[in-house]
Amino acid sequence: MTWVITTKMQFYLHEEETLLDGLLRTGHDINYQCREGYCGSCRVQCVSNTVPIEYVIEPIAMLDDDEILPCCCRVQGVIHINHDLIKD
Ligand code: FES
């Protein structure tokens with residue numbers, strides 16, 4: 001089971017659910033467009049994670065070292081993210 005901790009709440013992801021879909025399901029106000037890793041709209045700050053982040057689709061969008069793309073990454077274990085600090 002994957003637990004996600006945000007500034008708003010703590011929740012778990014369903015089987016095969018992307019981090020983006022989990023964030024949207026739980027009412028987080030998060031931007032997204034392509035869902036394929038190239039627009040960068042969905043990026044969030046990864047504060048900590050117990051299991052290394054993997055990507056189903058290799059991202060094309062430019063990311064800082066502490067940023068991830070919830071639309072196309074695969075997360076496991078416990079991950080703490082902050083989506084409030086990312087502003088365009
Ligand atoms: S929605 Fe475009 S990179 Fe995630």
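**A tour from one bridge outward**

Select Ile-5 to begin: its bridge partner in strand 7 is His-80. Helices (H or I, at least four residues) and strands (E, at least two) are DSSP runs, numbered from the N terminus. The model is predicted: local features need pLDDT of at least 70 and side-chain atom pairs count only at pLDDT 80 or more, whereas totals for chains, interfaces and linings use all residues. Residues are numbered from 1 along each chain as its sequence is written.

Next, select residues 2–5 (strand 1) together with residues 78–82 (strand 7); these strands pair in the parallel sense over three bridges. Two strands pair if DSSP finds at least two bridges between them.

Extend the selection to the open sheet, in which five strands follow the order 2-1-7-3-5 with mixed pairing. Its edge strands are strand 2 (10–13) and strand 5 (67–68), each pairing on one side only.

Now display the whole protein chain, which holds one helix and seven strands. Traced from the N terminus, the elements run β-β-α-β-β-β-β-β.

Along the principal axes, the C-alpha atoms fill a box of roughly 30 × 25 × 20 Å. The radius of gyration (over C-alpha atoms; globule rule 2.2 Å times the number of residues to the power 0.38) is 11 Å, which agrees with the value near 12 Å for a compact globule of 88 residues.

Finally, colour by burial: buried residues (20 or more other C-beta atoms within 10 Å of their own, with C-beta atoms placed from the backbone) make up 27% of the 88 residues.

Terms used:
A residue is buried if 20 or more other C-beta atoms lie within 10 Å of its own, exposed if 12 or fewer, and partly exposed in between; C-beta atoms are placed from the backbone.
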